[in-house]
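This report describes the strand pairing, selected local features and one pocket of a single protein chain. The sequence and the structure are shown first.

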Amino acid sequence: MKHPIWLSLILLVGLQILTVSQLEAADTVYQYNSTSPQLGDVKGYTKTELTLQRGAKSVKIPANEVQRVRWEGEPPQLNIARNQEQNGNYAAALAEYKKAQASGSANLKKDLQFMIARATAKSAQSNVADLDNAIKMLTDFIKANGDHYQFYAATKLLGEAYLAKKDYAAANKEFGTLERSPWKGTQMNAKNLKARVLLAQGNIKGALAGFDAVAKMDAKAPEEQASKRAAQLGSALCLEKEGKQKEAITVLDQIIKAADPQQTALLAEAYLRKGDCYRELGEAKEALIAYLHIDVLFPSQPAIHAEALYHLSTLWGKVQKPERGVEARAVLQQQYPNSEWTQKAAGS
């Protein structure tokens, strides 16, 4: 005998409720270069991998592929906070992260310690007064969580913070740790960052050799391809420093054309350096177009956005639109009051 239609519907709804309940109860692992998160129970992790239990199946996920974990029972507002951080709204994200520290699992609290340090480090990109605080937070996280799946991500951020502070020995130490990771893409990225240290020290020849070595490496995985494009960007920076702006622009255009749209930091810097090259060549209109790409497409990159706004504030007058320059300066002062570029604009 067949079940009545209403009974079938009840069974279907019950199954859906059970399924939703099971999904909500699980940890969720989001990976780079994947649109499908994995649900299950995180049974453990090290600095090189995370173990996810999915029914009877145990899945090992390399730590460099883990973008984030949504832990069972975490406050729903954390998703909003993560989006705020991604959009460059660091103050709002930090406020929510700190609220969430009052409750939650031990795993969530460790993640929050990292997320607070990360957002502070990103904020310091446009406010150097936060650098010491970011360095302390990242150092504390690494010391307390030496086998955390975000260990290498924290190490990279710490090295970049030291580089911004011009503590080149400390930066190289962290990038050396990064280079000893088990993943080729991360190793390539570490070599790029070491070349950045050389460039910051004025060693253009050494930096160019470092970038070129990475640019010539085979790249198959997405992280490897991203590191290779970052090396090409570094080479363009060296060409610009050598006064070869036209050659640098050619390389930058190749990067902009080939880069993954998700590589927002890379693209933003490519447009910034393209604007710099055109400005140095005296081509104000082309420079404006490059800087405007940042203002429109990449305002979530605070340090680069602040620098672009400063140049926009000075260039608009050269194309007979001084009122637009006033607007750019007002945005710079409002959004980045503690930026070195805001101080520079005030003194000009």
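Which residue is the bridge partner of Thr-28 in S2? The partner of Thr-28 in S2 is Leu-39. The model that contains this pair is predicted, and the values below are computed from it.

## Overall composition

The protein chain has 348 residues, of which 45% are buried. Its secondary structure consists of 16 helices and 5 strands. Along the principal axes, a box of roughly 85 × 45 × 40 Å holds the C-alpha atoms of the chain.

## Strand pairing

Strand S1 covers residues 27-31. Because 4 of its 5 residues are buried, S1 is largely enclosed by the rest of the structure. S1 pairs with S2 (residues 38-45), to which 3 bridges join it in the antiparallel sense. S1 also pairs with S5 (residues 66-70), again antiparallel, through 4 bridges; here Val-29 has Val-69 as its bridge partner in S5.

The pairing continues from S2 to S3, two antiparallel strands joined by 4 bridges. Within this pair, Asp-41 is placed opposite Gln-53 in S3. S3 (residues 49-54) is in turn paired with S4 (residues 57-62), in the antiparallel sense and over 6 bridges. Leu-50 faces Ile-61 of S4 across this pair.

The table collects the strand pairs.

| Strand pair | Sense | Bridges | Opposed residues |
|---|---|---|---|
| S1 and S2 | antiparallel | 3 bridges | Thr-28 and Leu-39 |
| S1 and S5 | antiparallel | 4 bridges | Val-29 and Val-69 |
| S2 and S3 | antiparallel | 4 bridges | Asp-41 and Gln-53 |
| S3 and S4 | antiparallel | 6 bridges | Leu-50 and Ile-61 |

## Hairpins and their turns

Three of the pairs deserve a further remark on their connections. S1 and S2 form a hairpin that leaves 6 residues between the strands. Asn-33 is located in the loop between S1 and S2, and its phi is near 60 degrees, which is a positive value in a residue other than glycine. Is Asn-33 buried or exposed? With a relative accessibility of 62%, Asn-33 counts as exposed, since the exposed class begins over 50%.

S2 and S3 also form a hairpin, with 3 residues between them. In the hairpin of S3 and S4, 2 residues lie between the strands, and Gly-55 in the turn has a positive phi of about 65 degrees.

## Thr-51 in strand S3

Thr-51 belongs to strand S3. Its relative accessibility is 12%, so Thr-51 counts as buried, the limit for that class being under 20%. The side chain of Thr-51 forms a polar contact of 3.0 Å with the side chain of Lys-60.

## Helix H12 and the loop after H14

Helix H12 spans residues 264-280 and contains 17 residues. The distance from its first C-alpha to its last is 24 Å, close to the 24 Å expected at 1.5 Å a residue. Why is H12 described as largely enclosed by the rest of the structure? The reason is that 13 of the 17 residues of H12 are buried. Just after H12, Gly-282 adopts a positive phi of about 80 degrees.

Gln-320 provides another case of positive phi in a residue other than glycine, with a value near 60 degrees. This residue sits in the loop between helix H14 (302-315) and helix H15 (322-335). Gln-320 has a relative accessibility of 65% and therefore counts as exposed.

## The second largest pocket

The second largest pocket contains about 340 Å³ of space. It is lined by 15 residues, and those closest to its centre are Gly-88, Tyr-90, Ser-126, Gln-335 and Tyr-336. How many residues of the lining are nonpolar, polar and charged? The lining divides into 6 nonpolar residues, 8 polar residues and 1 charged residue.

Notes:
Residues are numbered from 1 along each chain as its sequence is written. This is a predicted model: local features need pLDDT of at least 70, side-chain atom pairs count only at pLDDT 80 or more; totals for chains, interfaces and linings use all residues. Side-chain values use heavy atoms; hydrogens and water are left out. On a 1 Å grid over the protein atoms alone, a cavity is a set of points where a 1.4 Å probe fits but cannot get out, and a pocket is an open set with protein on both sides within 12 Å along at least five of seven lines; lining residues have an atom within 4 Å of a point. Grid points are joined across faces, edges and corners, and a volume is the space filled by probe spheres set on the points. Ala, Val, Leu, Ile, Met, Phe, Trp, Tyr, Cys and Pro count as nonpolar, Asp, Glu, Lys and Arg as charged, and the others, Gly among them, as polar. Buried means under 20% relative accessible area, exposed over 50%, partly exposed in between (1.4 Å probe, protein chains only). Two strands pair if DSSP finds at least two bridges between them. The expected span of a helix is 1.5 Å times one less than its number of residues. A polar contact is a pair of N or O atoms within 3.5 Å; within protein, one must be able to donate a hydrogen and the other to accept it, and residues adjacent in sequence count only if both atoms are side-chain atoms.
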